[in-house]
Structures are given as C-alpha cells and as structure tokens.
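I opened this entry to keep a record of what I looked up, going from the overall layout to single residues.

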Amino acid sequence: MTESAGRRILTLHPGNDLCLQDQLLSCVEQVLSDAGATRIWIQASPEDDLRVYAELPGREDAEVIDLAERASHEGLAEA
C-alpha cells in the first residue's frame with residue numbers, strides 16, 4: 001500500500017518509551033476505528049519515525065471524536 005492511498009494521521013519519533021508508544025498506537029487505532037477508518041497501517045520513514053496512516057470516510061460522513069475526552073475516560077490524561 002502506498003502513502004497516497006490514505007491520510008497521514010500521526011508521526012511517532014524514535015526514542016519513545018515502548019510502553020507509552022504501545023498505548024498511544026492502541027488509542028489512535030481505536031479512535032480511527034470509531035471514526036470509520038476502513039484501513040489503518042504503520043510505515044517506517046527513512047528517519048526511523050513511525051507514521052500512522054488511515055483511509056477515512058469523507059468529512060461529511062465522519063463522526064467527530066474528542067481525543068481529550070477519550071483519554072480522560074480511559075485514564076490516560078494527566079491528573
């Protein structure tokens with residue numbers, strides 16, 4: 001699959017804690033699924049970044065999801 005088949009959603013830079021990185025990617029995957037993404041994938045960049053891509057429905061069909069509210073609900077927000 002090529003980059004042009006989807007939208008770049010997120011870039012994670014190298015050096016992040018693996019546990020934090022796993023939690024971030026899991027949350028992003030859930031949010032994209034909730035928004036109706038038909039495909040979600042990760043590609044490494046030449047700079048060793050991890051880039052998350054997704055195929056999303058058109059803006060008129062997309063549900064708006066509040067990331068801060070989701071993080072608070074899932075206990076990921078700072079206290």
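Before counting any pairing I fixed the criterion: two strands pair if DSSP finds at least two bridges between them. I also note at the outset that this is a predicted model.

**Entry: layout of the chain**

I began with the inventory, and found two helices and three strands in the protein chain, which run β-α-β-β-α from the N terminus on. I then looked up burial, and buried residues make up 22% of the 79 residues.

**Entry: the sheet**

I applied the pairing criterion to S2 and strand S3 (residues 50-55), and these two pair in the antiparallel sense over six bridges. S1 and S3 also run antiparallel, and here I read five bridges. Taken together, the three strands form an open sheet in the order S1-S3-S2, with antiparallel pairing. S1 and strand S2 (39-44) stand at the edges with a single partner strand each, so one side of each has no neighbour in the sheet. I also looked up the angle between neighbouring strands of this sheet, which are turned by 25° against each other on average, direction ignored.

For the register I went through individual partners. Between S2 and S3, I found Ala 44 bridged to Leu 50, Ile 42 to Val 52, and Trp 41 to Tyr 53. On the S1 side, I noted that Arg 7 stands opposite Ala 54 in S3.

**Entry: the aromatic pair**

How many aromatic pairs does the structure hold? I found one. This pair is formed by Trp 41 and Tyr 53, and I entered it as stacked, with 5.7 Å centre to centre and 10° between the planes. The pair links distant parts of the chain, since Trp 41 lies in strand S2 and Tyr 53 in strand S3, twelve residues apart. The two residues are also bridge partners, as I noted under the sheet.

Are Trp 41 and Tyr 53 buried or exposed? The cut-off I needed here is that buried means under 20% relative accessible area. Trp 41 has 13% relative accessibility and therefore counts as buried, and Tyr 53, with a relative accessible area of 2%, is buried as well.

**Entry: the S2-S3 turn**

I followed the chain from S2 into S3, which form a hairpin with five residues between them. In the loop between these strands I stopped at Asp 48, because its phi is near 70°, a positive value in a residue other than glycine. Asp 48 has a relative accessible area of 57%, so I recorded this residue as exposed.

**Entry: His 13 and Asp 49**

I next looked up His 13, which is placed in the loop between strand S1 (7-12) and helix H1 (18-34). His 13 and Asp 49 are 36 residues apart in sequence, yet their C-alpha atoms are 4.7 Å apart in space. Their side chains are joined by a polar contact of 3.2 Å. At 48% relative accessibility His 13 counts as partly exposed, the limit for exposed being over 50%.

**Entry: helix H1**

I checked the length of H1 against expectation: at 1.5 Å a residue its 17 residues should span 24 Å, and the end C-alpha atoms are 24 Å apart, which agrees.

Which residues of H1 are buried? I listed Gln 21, Leu 25, Cys 27, Val 28, Val 31 and Leu 32. These residues cover an arc of only 165° around the axis, and therefore lie on the same side of H1. I set beside this the general rule that an α-helix has 3.6 residues a turn, so residues three or four places apart point the same way.

Finally I looked at the two ends of H1. At the start, a side-chain oxygen of Asp 17 reaches to within 3.1 Å of the backbone nitrogen of Cys 19. Just after H1, Gly 36 takes a positive phi of about 95°.

Key: Residues are numbered from 1 along each chain as its sequence is written. This is a predicted model: local features need pLDDT of at least 70, side-chain atom pairs count only at pLDDT 80 or more; totals for chains, interfaces and linings use all residues. Side-chain values use heavy atoms; hydrogens and water are left out. Helices (H or I, at least four residues) and strands (E, at least two) are DSSP runs, numbered from the N terminus. Buried means under 20% relative accessible area, exposed over 50%, partly exposed in between (1.4 Å probe, protein chains only). A polar contact is a pair of N or O atoms within 3.5 Å; within protein, one must be able to donate a hydrogen and the other to accept it, and residues adjacent in sequence count only if both atoms are side-chain atoms. Axes are lines fitted to C-alpha atoms, for helices over the stretch in contact, and angles run from 0 to 180 degrees between N-to-C directions. Rings of Phe, Tyr and Trp (its six-membered ring) pair if their centres lie within 6.5 Å; planes under 30 degrees apart count as stacked, over 60 as edge-to-face and the rest as tilted. The expected span of a helix is 1.5 Å times one less than its number of residues. The arc is that of the directions from the helix axis to the C-beta atoms.
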